[in-house]
Amino acid sequence: MKVNSADIVISAVRPAQYPDTPLPEIALAGRSNVGKSSFINKMLNRKALARTSSKPGKTQTLNFFLINEQFHFVDVPGYGYAKVSKKEREAWGKMIETYITTREQLKAVVLLVDLRHPPTADDRMMYDFLKHYNIPCIIVATKADKIPKSKWQKHVKITKETLELHESDPLVMFSSETGEGKDKAWAILESYMR
Ligand SMILES: Nc1nc2c(ncn2[C@@H]2O[C@H](COP(=O)(O)OP(=O)(O)OP(=O)(O)O)[C@@H](O)[C@H]2O)c(=O)[nH]1
Ligand SMILES: [Mg+2]
């Protein structure tokens, strides 16, 4: 996809604030600090449109980005960050659950996992949750630049086995540093926007 325009539309915390358009949406999900915001920036060739940080917990609202007046990326707060209060965690959980289970414009969720480590219990829960609601999901195994190529297949195998990934769910090896996997990710995402 050639990205001609990309702008933040709104940071929403409740449905009334979601953009009032029928355009398709692709949301990002994954542990805090896994690289969701970095993924958006890399896909859009923008350095800092989605705010990133080496400290987990950077994204705290549902951030809608409008691309080419054609679709939205929705950046979502990460899960599994120990330092937020229980109350805050529950509020985020509700916000994300409400969005994913009620939003008709949502066409697919990109579930990011860290290629270096086996998916966590939270990752599995998120994957099972998406399957339960029949939301198409694309697994993006990111930070691939941090392990040698010779070890990628071993890590992919562990990722697939730990998630019990269905054959039909695509997995893309990705790096926001090198751009690895970007073209493949676009091809898959575009197939969900029709
Ligand atoms: N080496 C490497 N670092 C990455 C990659 N993707 C993200 N990072 C780094 O990981 C850190 C977290 O990235 P973010 O994109 O802010 O992560 P996030 O998932 O949006 O985090 P939250 O908003 O807290 O949920 C930053 O320091 C990024 O530079 C990658 O592919 N390779
Ligand atoms: Mg983020």
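Which side chain has an N or O atom 3.1 Å from an oxygen atom of ligand 1?

## Polar contacts of the ligand

In this predicted model, the side chain in question belongs to Lys143, which places an N or O atom 3.1 Å from an oxygen atom of ligand 1. Taken by itself, ligand 1 would expose 660 Å², and the protein buries 89% of that area.

Two further approaches involve residues earlier in the chain: a polar side-chain atom of Ser32 lies 2.9 Å from an oxygen atom of ligand 1, and a polar backbone atom of Gly35 is 2.9 Å from an oxygen atom of the ligand.

## The shell and its pocket

The space that ligand 1 takes up is the largest pocket. Around the ligand there are 23 residues, of which Lys36, Ser38, Gly57, Asp145 and Ser176 come nearest.

By residue class, this shell divides into 14 polar, 7 charged and 2 nonpolar residues. Helix H1, which spans residues 36–44, provides the largest share of the shell, with 3 residues.

## Aromatic pairs

A search of the whole structure finds 9 aromatic pairs. In one of them, the ring centres of Tyr18 and Tyr99 are 5.5 Å apart and the ring planes stand at 85°, so the pair is edge-to-face, the angle being over the 60 degrees required for that description.

Tyr18 lies in the loop between strand S1 (6–12) and strand S2 (25–30), whereas Tyr99 lies in helix H2 (residues 86–102), so the pair ties together parts that are 81 residues apart in sequence.

How values were computed: Residues numbered from 1 in each chain as written. Chains lettered and ligands numbered in written order. Predicted model: local features only at pLDDT ≥ 70, side-chain atom pairs only at ≥ 80, totals over all residues. Heavy atoms only, no water. Near = heavy atom within 4 Å. Polar contact = N/O pair within 3.5 Å; in protein donor to acceptor, adjacent residues only side chain to side chain. Areas by Shrake-Rupley, 256 points an atom, 1.4 Å probe, with all protein chains shown as cover. 1 Å grid on protein atoms, 1.4 Å probe; cavity = no way out; pocket = protein on both sides within 12 Å on 5 of 7 lines; lining within 4 Å. Sits in = over half its atoms within 2 Å of the grid points. Helix = DSSP H or I, 4+ residues; strand = E, 2+ residues; numbered from the N terminus. Nonpolar A, V, L, I, M, F, W, Y, C, P; charged D, E, K, R; others polar. Phe/Tyr/Trp six-rings, centres within 6.5 Å; stacked < 30°, edge-to-face > 60°.
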